[in-house]
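The exercises below are to be worked with the sequence and the 3D structure at hand. Try each task before reading its solution.

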Amino acid sequence: MSEFTPVATVGQLSDPGQLLVQVDQQLVLLICAGGQYFAMDDVCTHDGGPLSEGALDESAVACPRHGAKFDFRTGSALTMPATQATKVHETKVEDQQVWVRLAE
Ligand code: FES
């Protein structure tokens, strides 16, 4: 199992806000919403679009390429053309630091 990696400080992201971070050579989209942090692969399951460049709403991020929406809490694909979930990762906040641990 991978370890938690520090990726940002609390306050570095607006709320709602998003930031592209790197964890163990992997690009991860970190999202702050409603005072909570979420992390997911920066890859749309439709055709690899960069989700970090997409628009956020209260619970989803939209792929900038063809508009598929993903629930950033679960990774579920909510709208076409994506049909498969993208992977989400564990987050935690300690001492004003945001940490991410990659899912297996
Ligand atoms: S690449 Fe994301 S919707 Fe097509």
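**Exercise 1. Cysteines**

Is Cys32 buried or exposed?

Solution. The model is a predicted one. Step 1: the relative accessible area of Cys32 is 5%. Step 2: buried means under 20%, so Cys32 is buried. Step 3: Cys63 also has a relative accessible area of 5% and is buried. Step 4: a disulfide needs two cysteine sulfur atoms within 2.5 Å. By this rule the count is zero disulfides.

**Exercise 2. The order of the sheet**

State the order of the strands in the six-stranded open sheet, and find its edges.

Solution. Step 1: the order is β1-β8-β7-β4-β3-β2, with antiparallel pairing. Step 2: β1 and β2 each have a single partner strand, so these two stand at the edges and one side of each has no neighbour in the sheet. Step 3: from one strand to the next, the twist averages 30°. Step 4: the background is that strands of a sheet pair through backbone hydrogen bonds, in a parallel or an antiparallel way.

**Exercise 3. Bridges between strands**

Give the number of bridges for the pairs β1 with β8, β7 with β8, and β3 with β4, and name a residue pair in each.

Solution. Step 1: β1, which covers residues 5–9, is joined to β8 by four bridges, and the two run antiparallel. Thr9 has Gln97 in β8 as its bridge partner. Step 2: β7 and β8 are joined by five bridges and are also antiparallel. Here Glu94 has Gln97 as its partner in β8. Gln97 is thus named as a partner of Thr9 and of Glu94. Step 3: six bridges link β3 and β4, again in the antiparallel sense. Leu29 is partnered with Met40 in β4.

**Exercise 4. The turn at Asp95**

Describe the position of Asp95, its backbone and its exposure.

Solution. Step 1: Asp95 is in the loop between β7 (88–94) and β8 (97–101). Step 2: these two strands form a hairpin with two residues between them, and Asp95 in the turn has a positive phi of about 50°. Step 3: the relative accessibility of Asp95 is 77%, so Asp95 counts as exposed. Step 4: for the distance to Pro64, go from C-alpha to C-alpha. Asp95 and Pro64 are 34 Å apart in space and 31 residues apart in sequence.

**Exercise 5. Salt bridges**

How many salt bridges are there, and what does the one between Arg65 and Asp47 tie together?

Solution. Step 1: opposite charges on side chains can pair when the charged atoms come close. The cut-off used is 4 Å between the nitrogen and the oxygen. Step 2: by this rule there are five salt bridges. Step 3: one of them joins Arg65 and Asp47, with the closest N and O atoms 3.2 Å apart. Arg65 is in the loop between β5 (60–62) and β6 (69–71), and Asp47 is in the loop between β4 (36–41) and β5, so the bridge ties together parts 18 residues apart in sequence. Both residues are partly exposed: Arg65 at 43% and Asp47 at 46%. Step 4: Asp71 and Arg73 also meet in a salt bridge, at 2.8 Å from N to O. Asp71 is buried at 8% relative accessibility, whereas Arg73 is partly exposed at 47%. Step 5: Glu94 forms a salt bridge with Lys92, the closest N and O atoms being 3.3 Å apart. Glu94 is partly exposed at 40%, and Lys92 is partly exposed at 26%.

**Exercise 6. Backbone exceptions**

Find where the cis peptide bonds before Pro16 and Pro81 lie, and examine phi at Asp24 and Gln25.

Solution. Step 1: most peptide bonds are trans, and most residues other than glycine have a negative phi. Step 2: the bond joining Asp15 and Pro16 is cis, with omega about 5°. Pro16 is in the loop between β1 and β2 (17–23). Step 3: the bond from Met80 to Pro81 is cis too, with omega near 10°. Pro81 is in the loop between β6 and β7. Step 4: Asp24 is not a glycine, yet has a positive phi of about 50°. Gln25, also not a glycine, has a positive phi of about 70°. Step 5: the loop between β2 and β3 (26–33) holds Asp24, and Gln25 lies in the loop between β2 and β3 as well. Gln25 is exposed, with a relative accessible area of 73%.

Notes:
Residues numbered from 1 in each chain as written. Predicted model: local features only at pLDDT ≥ 70, side-chain atom pairs only at ≥ 80, totals over all residues. Heavy atoms only, no water. Buried < 20%, exposed > 50% of the residue type's maximum accessible area, 1.4 Å probe, protein only. Pairing = 2+ DSSP bridges. Salt bridge = Lys/Arg side-chain N within 4 Å of Asp/Glu carboxyl O. Axes fitted to C-alpha atoms, helices over the stretch in contact; angles between N-to-C directions.
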